[in-house]
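Thanks for coming, everyone. Please take a moment with the sequence and the structure before I start.

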Amino acid sequence: GVSGYPESRFITLLLYLHDMPSPTAGGETSFPKGDNGRGFKVQPGKGSAVLFYNLLEDGNGDDLALHAALPVNEGEKWLANFWVWDPKRK
């Protein structure tokens, strides 16, 4: 697994549960290493979702899966995480 632990998240699904009040409200999910190192952000919106793999086929962590929740500047952000764990999890 990643970081020497036997268990690792294999897949992450982020489900956005409501709309942000404005495009400048913040709360995006950032993928700083994605898009060939240029990075990108996902704007939360009710009913939208982001799915990504945390592990490569060989079981090593995928650096491109690095992500962060950016600060909310206005309103609230509600989301649900759904994680699929590596089948070798003990």
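Let's begin with a loop. S22 lies between strand 1 and strand 2 (29–31), in the loop that joins them in sequence order. Strands here are DSSP runs of E with at least two residues, numbered from the N terminus.

A word on the source. This is a predicted model, where local features need pLDDT of at least 70 and side-chain atom pairs count only at pLDDT 80 or more, while totals for chains, interfaces and linings use all residues. Residues are numbered from 1 along each chain as its sequence is written, and side-chain values use heavy atoms, with hydrogens and water left out.

Back to S22. Is S22 buried or exposed? S22 counts as buried, because its relative accessibility is 18%. The cut-offs are these: buried is under 20% relative accessible area, exposed is over 50%, and partly exposed is in between, with a 1.4 Å probe and protein chains only. And what does S22 touch? Setting aside neighbours within four places in sequence, S22 is in contact with Q43 and E74. Contact means heavy atoms within 4.5 Å.

Now the sheet. Three strands make an open sheet, in the order 4-1-6, with antiparallel pairing. Strand 4 (49–53) and strand 6 (79–85) are at the edges with a single partner strand each, so each has one side without a neighbour in the sheet. From one strand to the next, the twist averages 15 degrees. Those angles are taken between N-to-C directions, from 0 to 180 degrees, with axes as lines fitted to C-alpha atoms.

How many bridges join the strands? Strand 1 (residues 9–16) pairs with strand 6 over seven bridges. Strand 1 pairs with strand 4 over five bridges. Both pairings are antiparallel. Two strands count as paired if DSSP finds at least two bridges between them.

Look at L14. L14 stands opposite N81 in strand 6. L14 also stands opposite V50 in strand 4.

Next, strand 4 itself. Its side chains alternate. V50 and F52 point to one face and are buried. A49, L51 and Y53 point to the other face and are not buried.

On to the rings. The structure holds four aromatic pairs. One of them is F10 with Y53, edge-to-face, at 5.6 Å centre to centre and 75 degrees between the planes. Rings of Phe, Tyr and Trp (its six-membered ring) pair if their centres lie within 6.5 Å; planes under 30 degrees apart are stacked, over 60 edge-to-face, and the rest tilted. F10 is in strand 1 and Y53 in strand 4, so this pair ties together parts 43 residues apart in sequence. F10 is partly exposed at 30% relative accessible area, and Y53 is partly exposed at 46%.

Then take F31 and F52. Their ring centres are 5.1 Å apart and their planes stand at 80 degrees, so this pair is edge-to-face. F31 is in strand 2 and F52 in strand 4, so the pair ties together parts 21 residues apart in sequence. F31 is buried at 3% relative accessibility, and F52 is buried at 9%. F31, F40 and F52 form one aromatic cluster.

Last stop: a charge and a ring. The charged end of R9 sits over the ring of W83, 4.5 Å from the ring's centre. That label requires NZ of Lys or CZ of Arg within 6 Å of the ring centre and within 35 degrees of the ring normal.

Conventions
Helices (H or I, at least four residues) and strands (E, at least two) are DSSP runs, numbered from the N terminus.
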